[in-house]
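Here is a friendly walk through a protein model, written for someone who would rather be at the bench. Please keep the structure open beside the text as you read.

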Amino acid sequence: MRWILSSLLLAVSFLPAGPSSAQSQFDPYEEITGLTQVLEGDLLSVNGMIVRLYGIDAPELGQFCETRDGRPYDCGLAAKNVLTRLLNGRDASCTLFAALPSTNRSGVCRLENVDLGGVMVLKGWAFSYRGLSNRYEPHEARAQATGQGMWSGRAQRPWVWRQEQAELRSAG
């Protein structure tokens, strides 16, 4: 596991952060480190505080994608499992930004100096959340080019899936 973490750190360190990596409107104002539980592919509980990984959007639990050969699978659960294995019961350190409109805290969380959001996008289990930041666009381009994670088959972007689900609920 340690060599995987080291190789991911090396790969992520060579990717540019993008021109808007400065968080002017979300200036960091709190650092937390501690017991970390994975709630979703982009959502953690750190010492009991809910933290959404900044700049990424992972599929929702119950959102289905397709494998290369067309078989459906719960890609939200797959993303959660990837992040769970990556943390492997260890504590994360997070730089928190201002609360999001959803009242969740948002931040960049790291494990041994590895940006968890960057790894999730690079491994193909989350999308760069362009509406918030473009810091992970190079990670997403690399994951797509190499067929990592969801990019090996078909996946719908989570924000599109959520919108469709909301429309189905309001029509029903």
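How many salt bridges are there in this structure? In this predicted model, the count comes to ten.

Three of these pairs are set out in the table.

| Arg residue | Glu residue | Closest N and O atoms | Separation in sequence |
|---|---|---|---|
| Arg 105, strand 9 | Glu 30, strand 1 | 3.0 Å | 75 residues |
| Arg 162, helix 5 | Glu 60, loop between strand 5 and strand 6 | 2.6 Å | 102 residues |
| Arg 154, loop between helix 4 and helix 5 | Glu 66, strand 6 | 3.6 Å | 88 residues |

Now for the surroundings of these partners. Arg 105 has a relative accessible area of 14% and is therefore buried, whereas its partner Glu 30 is partly exposed at 28%. In the pair of Arg 162 and Glu 60, Arg 162 is partly exposed with 27%, while Glu 60 is buried with 16%. Arg 154 counts as exposed at 61% relative accessibility, and Glu 66, at 31%, is partly exposed. Elsewhere, salt bridges join Arg 130, Glu 137, Glu 140 and Arg 157 into a network.

**Aromatic pairs**

The structure also has five aromatic pairs. In one of them, the ring centres of Tyr 54 and Phe 97 are 5.3 Å apart and the planes make an angle of 65 degrees, so this pair is edge-to-face. Tyr 54 sits in the loop between strand 4 and strand 5, and Phe 97 belongs to strand 8, so the pair ties together parts 43 residues apart in sequence. Both Tyr 54 and Phe 97 are buried.

Another edge-to-face pair is formed by Phe 127 and Trp 151, with centres 5.6 Å apart and planes at 75 degrees. Phe 127 is in strand 11 and Trp 151 in the loop between helix 4 and helix 5, so parts that are 24 residues apart in sequence are tied together. Phe 127 has a relative accessible area of 2%, which means that this residue is buried. Ring pairs also bring Phe 127 and Trp 151 into a cluster with Tyr 129 and Trp 159.

**The nonpolar core**

The largest nonpolar core contains 37 residues, and those touching the most other members are Leu 44, Leu 83, Leu 87, Leu 116, Met 120 and Trp 125. Strands 3, 4, 8 and 9, along with helices 2 and 3, each supply at least two residues. Helix 2 gives the most, with seven residues. Beyond its neighbours within four places in sequence, Leu 87 is in contact with Thr 36, Val 38, Leu 44, Ala 92, Leu 111 and Leu 116.

**A buried aspartate**

Asp 42 is in the loop between strand 2 and strand 3. Its relative accessibility is 0%, so Asp 42 counts as buried. The Asp 42 side chain reaches the backbone nitrogen of Ala 58 at 3.0 Å. Leaving out residues up to four places away in sequence, Asp 42 touches several residues, including Val 51, Leu 53, Ile 56 and Leu 83.

**Confidence along the chain**

The protein chain has a mean pLDDT of 85, with 80% of its residues at 70 or more. Among its elements, helix 3 has the highest mean pLDDT, 98, and helix 1 the lowest, 46. The pLDDT is below 50 over residues 3–14, a stretch with 16 contacts in the model beyond near neighbours in sequence. Residues 16–24 also stay under 50, and the model has 13 contacts for them beyond four places in sequence.

Notes. Residues numbered from 1 in each chain as written. Heavy atoms only, no water. Helix = DSSP H or I, 4+ residues; strand = E, 2+ residues; numbered from the N terminus. Buried < 20%, exposed > 50% of the residue type's maximum accessible area, 1.4 Å probe, protein only. Polar contact = N/O pair within 3.5 Å; in protein donor to acceptor, adjacent residues only side chain to side chain. Contact = heavy atoms within 4.5 Å. pLDDT = per-residue confidence, 0-100. Core = buried A, V, L, I, M, F, W, Y, C linked by side-chain atoms within 4.5 Å. Phe/Tyr/Trp six-rings, centres within 6.5 Å; stacked < 30°, edge-to-face > 60°. Salt bridge = Lys/Arg side-chain N within 4 Å of Asp/Glu carboxyl O.
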